Amino acid sequence: MALVLENPFPKSLSKTGPTKFSDDGKLLELVVKEGYGVKGMVDSGIAELPQRYIHPPHERIVRKEAIDALCYLAKPIDLSKLGREGGEEVARALCESAEKLGFFQVVNHGVPFELLESMKCATKRFFEMPVEKKAMYLRGKTPCPNVFYGTSFAPDKEVCLEWKDYLSMIYMNDEEALKYWPEQCRDVSLEYLKKCKAMISGILKGLLEGLGVGLEEGALEAYMEAKAVNLNYYPPCPNPELTVGVGRHSDLAALTVLLQDEIGGLYVKVDKGWIEISPVPGALVINVGDTLEILSNGRYKSAEHRVMASGSKERVSIPIFVSPRPHTMIGPLPGLVEDGKAVYGRLLFGEYMANYFGAGHQGKSSLDFARI
Ligand SMILES: O=C(O)CCC(=O)C(=O)O
């Protein structure tokens, strides 16, 4: 029989609290609204998943059903020559991977290994803070709307919640970041964003030029003008086979640069099932987002992906979402639709974004909003 939750978290973080929850409303109040997050729930000593975290069988991730990634995922692409002599071959490899799967890993990307490690430590440092400190960044309480802490993707719109807490930091300028980003992760995140900039610009330029239609002046900069760095924290889960860390979705951005730790659990959809993007030490995962699929008129694939939580260990991942600003028009690049058919229409990125955040994760259906 499930125990009824009676304000357990504050007293029960010592793991003496109830092991089951039957009160959905109270659970949401504590986990979502008061900022305990999934981590607070786990720290309270739960032994079983609350009902709201149990996903229907067809949405669950069965690790042993994953298919061999070898036929789909290219070996990590060495970026050392990108934008230099001999860089054409690298650019070709990027375009091929973006067309075939929409996911690839890169090495020799110019971001120091120690900085990658520091980002993972900073993520843990933030989530290990007491609830009251993290809760200062909840939406509606945060001193700056461009930095916010939360749990699941859209808890007020989702039937089943995701086993993930996050901090999102949207970069506007150094002054704002220095003033408002949490000091536990501020300096290292700013440094990380700066060190990733040349790589991001090189990859996006290679992909856009690979479409062979020329780019208007300033277009590359406009499509990568906005950057958000998210710190994702997946606590160990008592029943990982019943829930998801992140549900099936494609990303909103033009490109995502993902740093994952050594735990694994990131799965990408292919024709015959799901493959795992296994962690490669020092590598970064790059994936095409909806915006680039739209710009390329469907040639580059914004791949559907999802994340499984670990049964025994915490997992962290750090995506940088690279997007246009809301006032930028997106649509297939002009030269791509002169002779052929436009698959997507033209719209403001802000309109696309509003629709994207208007519902929970639902696979690739977000792209229907831009489809003709
Ligand atoms: O944690 C991961 O590996 C991926 C995270 C992700 O898909 C997201 O934050 O949108």
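Here are four short exercises on this predicted model, each with a worked solution.

Residues are numbered from 1 along each chain, following the sequence as written. Because the model is predicted, local features need pLDDT of at least 70 and side-chain atom pairs count only at pLDDT 80 or more, while totals for chains, interfaces and linings use all residues.

**Exercise 1. Find which domains the protein has and describe the side of domain 1 that touches domain 2.**

Step 1: Start with the bounds. The domain assignment gives domain 1 (1–48) and domain 2 (58–369); such bounds come from an automatic or database assignment. Their C-alpha centres lie 30 Å apart.

Step 2: Look at the contact, where two residues count as touching if their C-beta atoms, placed from the backbone, lie within 7 Å. Domain 1 contributes 14 residues and domain 2 contributes 16 residues.

Step 3: Ask which elements take part on the side of domain 1. Those giving two or more residues are α2 (24–33) and α3 (37–43), and α3 gives the most, with 5 residues. Helices here are DSSP runs of H or I with at least four residues, strands are runs of E with at least two, and both are numbered from the N terminus.

Step 4: Sort this side by class. There are 8 nonpolar, 3 polar and 3 charged residues. Ala, Val, Leu, Ile, Met, Phe, Trp, Tyr, Cys and Pro count as nonpolar, Asp, Glu, Lys and Arg as charged, and the others, Gly among them, as polar.

**Exercise 2. Trace the sheet of 8 strands and find what packs on it.**

Step 1: Write down the order. The open sheet runs β1-β2-β10-β7-β12-β5-β4-β3, with mixed pairing. Two strands pair if DSSP finds at least two bridges between them.

Step 2: Find the edges. β1 (77–78) and β3 each have a single partner strand, so one side of each is left without a neighbour in the sheet.

Step 3: Zoom in on one pair. Strands β7 (residues 255–260) and β10 (residues 284–288) run antiparallel and are joined by 4 bridges. Here T256 stands opposite N287 in β10.

Step 4: Add the helix. α5 (residues 113–127) packs on the sheet, touching β4, β5 (226–234), β7 and β12 (315–323), and its direction makes about 110 degrees with that of β12. Axes are lines fitted to C-alpha atoms, for helices over the stretch in contact, and angles run from 0 to 180 degrees between N-to-C directions.

**Exercise 3. Now do likewise for the sheet of 4 strands.**

Step 1: The order is β6-β11-β8-β9, in an open sheet with antiparallel pairing.

Step 2: β6 (246–249) and β9 (273–276) stand at the edges; each has a single partner strand, so one side of each lacks a neighbour in the sheet. From one strand to the next, the twist averages 25 degrees.

Step 3: β8 (residues 266–270) is joined to β9 by 4 bridges, and V270 has G273 of β9 as its bridge partner.

**Exercise 4. Are S152 and N297 buried or exposed?**

Step 1: Locate them. S152 lies in the loop between β3 (147–151) and β4 (165–171), and N297 in the loop between α10 (290–295) and β11 (305–307).

Step 2: Check phi. S152 is not a glycine, yet its phi is positive, about 55 degrees. For N297, also a residue other than glycine, phi is near 55 degrees.

Step 3: Apply the rule: buried means 20 or more other C-beta atoms within 10 Å of a residue's own, exposed means 12 or fewer, and partly exposed is in between, with C-beta atoms placed from the backbone. S152 has 26 such neighbours and is buried. N297 has 20 and counts as buried.
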